[in-house]
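Colleague: Could you walk me through one part of this model up close? I'd like to hear about the nonpolar core and whatever sits around it.

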Amino acid sequence: MRAFVVAVFAFLYLPIALVVLFSFNAGHHASEFTGFSVQWYGKALSNPFLVEALKNSLFIATTSALLAAFCGTAAALGLQRVGARTRALFDALLGAAIVVPGVVIGISTLVALVQLFAVVNPFLAELWPTDQPPKLSLGYGSIIAAHGLFSMALVTMIVGTRLSSLDRNLVEASSDLYATPLTTFRSIVLPQIMPAVIAGFLLAFTFSFDDFIVAFFVAGAQTTLPIYVFASIRRGVTPEINAIATIVLCASVVLVLLAQWQLGRRKPSP
Amino acid sequence: MTAVPDIEFRAVTKRYGAVTAVSGIDLAIPPSAFVALLGPSGCGKTTCLRMIGGFEQPSEGQVLIRGRDMAGTPPYRRPVNMVFQQYALFPHLDVEENISYGLRQARPRLSSRQISQRAGEALSMVQLAGYGRRKIHELSGGQQQRVALARALVNKPAVLLLDEPLAALDKKLRTDMQIELQNLQREIGITFVLVTHDQEEALSMSDFVCVMNGGRVVQLGQPSEIYDEPANLFVADFVGKTNLLSGKVAGLSGGLVDVALADGTVIAARKRVPLSRGEAVSVSLRPESLSLSAPGGGSLKGIVRNRIFLGSTAEYAIEVQGIGSLLAKADHVIGQGNLFKPGEPVAIGFAAGAPLAFPHTKNNGTNQREDQNAEIVS
């Protein structure tokens, strides 16, 4: 039994450990460790294509996570006021959104967007006063929308859980002490759910930053970091790829740990 | 002209779907009084309090605060403040921020000097001067209770509402807080409305007790009135300990009725409502109105089953053939070895006028207890 457990964990984490190890490889090959060096990190960060992809990823992750945190929190607050049945339905749909495979989300988002563009673009062309109407197409916007939509479900669930554990008496006490509903929200509800909102934001950011599958379908001509890595691998796994992977890994772990810490905070500071 | 009552209920009914929590209550709470709403759980007392606070709207009727109809007025526009059962202190604010929360909402705004001065006064009023910067979770239950009180009183409300405020405290602390609440109410002079299911608390603290049952007000009166002259069987049974003996009306003489008990003994009892010959009644006899003596005299004969010595008093459970178990309470005088022992036969007497007879209707609203005769629990 013990050996089995060790084997499972080795199978899970050994490849990751190897990637990290080989990112510090002095040699040119991914299969043979010839000495310690950080040269590949330098190479990776001076590669203009890679830096461009990294910037894209950071921009998309930040924007989609902000969108998700805002809309997801609003949705969670709204769901508090609906009937039990509607609530159960929405909870099920949120759960479904999270377990649906990325491929399905990717394809369906792509199909939906292409259909939407096919309908909207002729209208735009018709209505636009000049000869060169803007044309909606896949790109930043579509990745942000796809990531934001998925992450919104995540944020709604996390914030919803926090809200349901919020003491209703606190809201009543605030109201009893002459605070209008808006003041009550600002000075009582928001501080209480803030850790969940921040955790939701961080998880949404991590999801977007790491995501390859959904982005691959809806990216159009844009390149995100995971897409760049995928494309480079076709030219062979180099220690440079390992260096990028290690950076992404570290960033993700830090963000997830931050999110966990936020969720575990019982008494948020004012 | 009588003064405008601080709180007035006019034919107030509250329904939740098919359930009627409060039905047709008329109630006027006089100014500057300490009033307890007393009743078993589910009697509608908390609903009444929440309708004063504005957290519930009456389905029918009106709730008036100082003569103003409160229909449609949200909690944050009502001149009342509430002390919540679990205190509901804001965990992310410190003690002073909690207390000044209400003051900060005042329009026109109060200066921050005024706010901190009044918060400081409120803190000293509840004997927590110097605790302003503490976090809520650093305080004990009793201290949290005081903060909740200060947070409500600092706003100088017309009426202070207290929802079972002492339920979470241990017995010693509860007694201290009872005295402190009484003192506070006298000092400040505003109306306190206290909701409680603890009859001892209601009797000991308040100027008026409003006994509720099944969504209705059963009796409103001073504590001694409630105890000595209960309006019906429910009040007699719920407030204080009592022995309830069932019997039949055997005769009517003047203001009194003769009741034949189950064992055939006939006793004279006072009545609160007209009774007719042959009617089934319950006679309430307070444990302290029973006197025990050596066999020979008395109205009833029994055998001591249990003795609970309480220091200044002793309580006896006495088995009376044909009637059941009776609870008697006797003062204990030091040096006088007048304690009866379990197994000893005793004679039971009572002062004329002590027994009170009530019609034994099904609808008397008593908590359906198995032992209708006596309780030995303290």
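Modeller: Sure, let's start with the overall layout: in chain B, the C-alpha centres of domain 1 and domain 2 lie 39 Å apart. Domain 1 covers 7–228, and domain 2 covers 243–364. Bear in mind that this is a predicted model.

Now to the core itself. The largest nonpolar core has 103 residues, and the ones touching the most other members are Leu161(B), Val193(B) and Val211(B). Helix α5 of chain B, residues 141–153, puts in the largest share of this core, with six residues. Domain 1 and domain 2 of chain B are each represented by at least three residues in this core. As background, nonpolar side chains in soluble globular proteins tend to be buried together.

Zoom in on Leu161(B). If you skip its neighbours within four places in sequence, Leu161(B) is in contact with Leu49(B), Ile52(B) and Gly53(B), with Val80(B), Asn81(B), Met82(B) and Val83(B), and with Val193(B). Val193(B) is also one of the residues that touch the most other core members. There is a second, separate core too, made up of 39 residues, and its members include Met152(A), Ile193(A), Leu202(A) and Phe205(A).

Strand β6 (80–83) of chain B leads on to a backbone oddity, as Tyr87(B) lies in the loop between β6 and α2 (95–99). Tyr87(B) has a positive phi of about 70 degrees, although it is not a glycine. Is Tyr87(B) buried or exposed? Tyr87(B) counts as buried because it has 21 C-beta neighbours inside 10 Å, and the cut-off is 20 or more.

Arg66(B) makes a nice companion case: it is not a glycine either, yet has a positive phi of about 45 degrees. You'll find Arg66(B) in the loop between β4 (60–65) and β5 (68–69) of chain B. Arg66(B) has 17 other C-beta atoms within 10 Å, so it is partly exposed.

One more backbone feature while we're in chain B: the peptide bond from Arg107(B) to Pro108(B) is cis, with omega near 0 degrees. Pro108(B) belongs to the loop between α3 (101–104) and α4 (112–125) of chain B.

Finally, a word on the partner chain. Here 19 residues of chain A are in contact with 17 residues of chain B. On the side of chain A that touches chain B, α7(A) gives the most, with six residues. By class, that side of chain A has nine nonpolar, six polar and four charged residues.

Terms used
Residues numbered from 1 in each chain as written. Chains lettered and ligands numbered in written order. Predicted model: local features only at pLDDT ≥ 70, side-chain atom pairs only at ≥ 80, totals over all residues. Contact = placed C-beta atoms within 7 Å. Helix = DSSP H or I, 4+ residues; strand = E, 2+ residues; numbered from the N terminus. Nonpolar A, V, L, I, M, F, W, Y, C, P; charged D, E, K, R; others polar. Domains from an automatic or database assignment. Core = buried A, V, L, I, M, F, W, Y, C linked by C-beta atoms within 7 Å. Buried ≥ 20, exposed ≤ 12 C-beta atoms within 10 Å, placed from the backbone.
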